[in-house]
Amino acid sequence: MGALAYESRPVSEIELVERVMKGDPLAERELYDTYVERVYRLAFRLAGDDDLARDFTQATFIRAFEKIGTFRGESSLSTWLHSIGMSVSLNGLRKMKRQKTREAPIDAAMSIGTQSGEPQPDLKERMAAAIQSLSEKYRAVFLMHDLEGFTHDEISGALGIPIGTSKSHLFQARAKLRAALADFAPEWVS
Amino acid sequence: MSEEKMDEMITKAAASYNAPPAVVPKEEMWAAIMAARSPGPRLIYGSAPRRQSRFVATSTRVWLGAAAAALLVTAGAVVGRWSAPAAVAPQAVASTVRANPTVVEPGQAPPPVTPDLPAEGSAPRNGSRVIEPVTHVASNGSRSAGSNGRSASTGAAALAGRNATSAYQLATLTHLSDAEAMLTSFRSRTDEKMDAAMAKWARDLLTNTRLLLDSPAAADPRRRQLLEDLELTLVDIVQLSPGAGAQDRQMIEKNLDQGHVITRLRTAIPAGMQKGS
């Protein structure tokens, strides 16, 4: 344990990690209870689906317990856990996207004739579409920072990018959303 | 409208985007995590978790592919190394006249090299023949092809054993990966018309599952249990007729959930590869 960079970590976190490393089931549960809500919330924000969010959260903790021996304390436990969570979620979503792309021709064929009469999407739908249209890195940073309250430091650790890049991604994401939702500006002013 | 104000409004409006539920299903997820991590068959009766992980560590599949490739390359290299000496054993030298194959008794030195060897590349003299390989007679009268013949054959046997084990392991992992993909597709299918395609896919997998069950790949009791559960699930899917009711499908999905087949498949794949990597 001496090799771990624990100097700036709270004692409780150090003890918790050491107990989990020793295979203490109570410590595992404690770690889970401490972080599960935030991990689940972020997974849900990214996936937009309860089943997927559960899957991602479960996979995150399964992997975290398996890999706890690799935790060196260079970042906080929360950051380390969220980096696993983001990796699991983004990889999972990429996989789903690939699957959907393969199925797209069937879906497109089935939806023929149902598109013409659709009403104009309201703000909520436009917002969802605008966020969806953001690139993965911009969307992740926007959701983490603006919706889930992560700091740039935390985002940097979880996504493995410099803090400046995180700030830049957020700036770009906001700019794209402003452009996409410019129609609504007059409504908001009024 | 200033950018700050607009950003504020956007953030406010975006709050409802993929808004998580107020209550996090902690206990259900914990039960699923414990089920996935516990060894052995994971059949939970009664208060089983609602569903199991449909997704466990996608990136491990990348490792699976890389590890499989590395395994094949390594096996190829090893086979090459072991088979190389046997290939050069019988050397034919076009040179000296020798009426009969030379037989060397135990303890007897091999015949000396004939001093009148022609220069390399020159034509053999009239009446010369290709020399036969020297054959040593063992004390029990049996003949061996060369000094490294026995060790080579022992090594080849060991290699064959190792290769067979690796081949079974690779085949099993590939099969489990395919089965996991099939079952995931089955659960996430959106159209009942896909049932026929699923049944065909399941039939192919069923054949391989049964072959693996009868092979050394099923020697491990946990893997055997997994293959047996997989076999039952695949049989259900194969028997699902295109016009089957929703109840039949739900029954299969319920069995999948209760047996944690998909989760067990997913945990089996990376666990096996991680150990080897």
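I began with the contacts inside chain A. Of those with a separation of 6 or more, 62% join residues 24 or more positions apart. I note that this is a predicted model.

**Chain A, elements.** I looked up the secondary structure next. Chain A has nine helices and zero strands. Read along the sequence, the pattern is α-α-α-α-α-α-α-α-α.

**Chain A, burial and surface.** I then asked how much of the chain is covered. Chain A has 190 residues, and 46% of them count as buried. Its accessible surface comes to about 9500 Å². Carbon and sulfur atoms hold 53% of that surface.

**Chain B, confidence.** I turned to the predictor's confidence in chain B. The mean pLDDT there is 67. Of the residues of chain B, 55% reach 70 or more. Which element of chain B has the highest mean pLDDT, and which the lowest? Helix α2 of chain B, residues 26–37, has the highest, at 92. Strand β2 of chain B, residues 135–137, has the lowest, at 40.

**Chain B, low stretches.** I marked two stretches to read with care. Over residues 42–50 of chain B, pLDDT stays under 50. The model has 24 contacts for residues 42–50 beyond four places in sequence. Over residues 86–150 of chain B the pLDDT is also below 50. That second stretch has 44 contacts in the model beyond near neighbours in sequence.

**The complex.** I checked the scores for the two chains together. The predictor gives the complex an ipTM of 0.83. The pTM is 0.49.

**The interface, extent.** I asked how many residues of each chain take part. From chain A, 56 residues are in contact with 45 residues of chain B. The two chains bury about 4500 Å² between them. Of that buried area, 62% lies on carbon and sulfur atoms.

**The interface, polar pairs.** I looked for charged pairs and found a count of five salt bridges between chain A and chain B. I looked at the pair A:Arg29 and B:Glu27, which form a salt bridge. Their closest N and O atoms are 2.6 Å apart. I also noted ten residue pairs in polar contact across the interface, with both residues at pLDDT 80 or more.

**The interface, helices of chain A.** Last, I asked which helices supply the side of chain A that touches chain B. At least two residues each come from α2 (25–47), α3 (50–67), α4 (77–110), α5 (123–133), α6 (136–147), α8 (163–180) and α9 (185–189) of chain A. The largest share comes from α3(A), with 15 residues.

Methods: Residues numbered from 1 in each chain as written. Chains lettered and ligands numbered in written order. Predicted model: local features only at pLDDT ≥ 70, side-chain atom pairs only at ≥ 80, totals over all residues. Heavy atoms only, no water. Helix = DSSP H or I, 4+ residues; strand = E, 2+ residues; numbered from the N terminus. Buried < 20%, exposed > 50% of the residue type's maximum accessible area, 1.4 Å probe, protein only. Contact = heavy atoms within 4.5 Å. Areas by Shrake-Rupley, 256 points an atom, 1.4 Å probe, with all protein chains shown as cover. pLDDT = per-residue confidence, 0-100. Buried area = accessible area lost by both parts, 1.4 Å probe. Salt bridge = Lys/Arg side-chain N within 4 Å of Asp/Glu carboxyl O. Polar contact = N/O pair within 3.5 Å; in protein donor to acceptor, adjacent residues only side chain to side chain.
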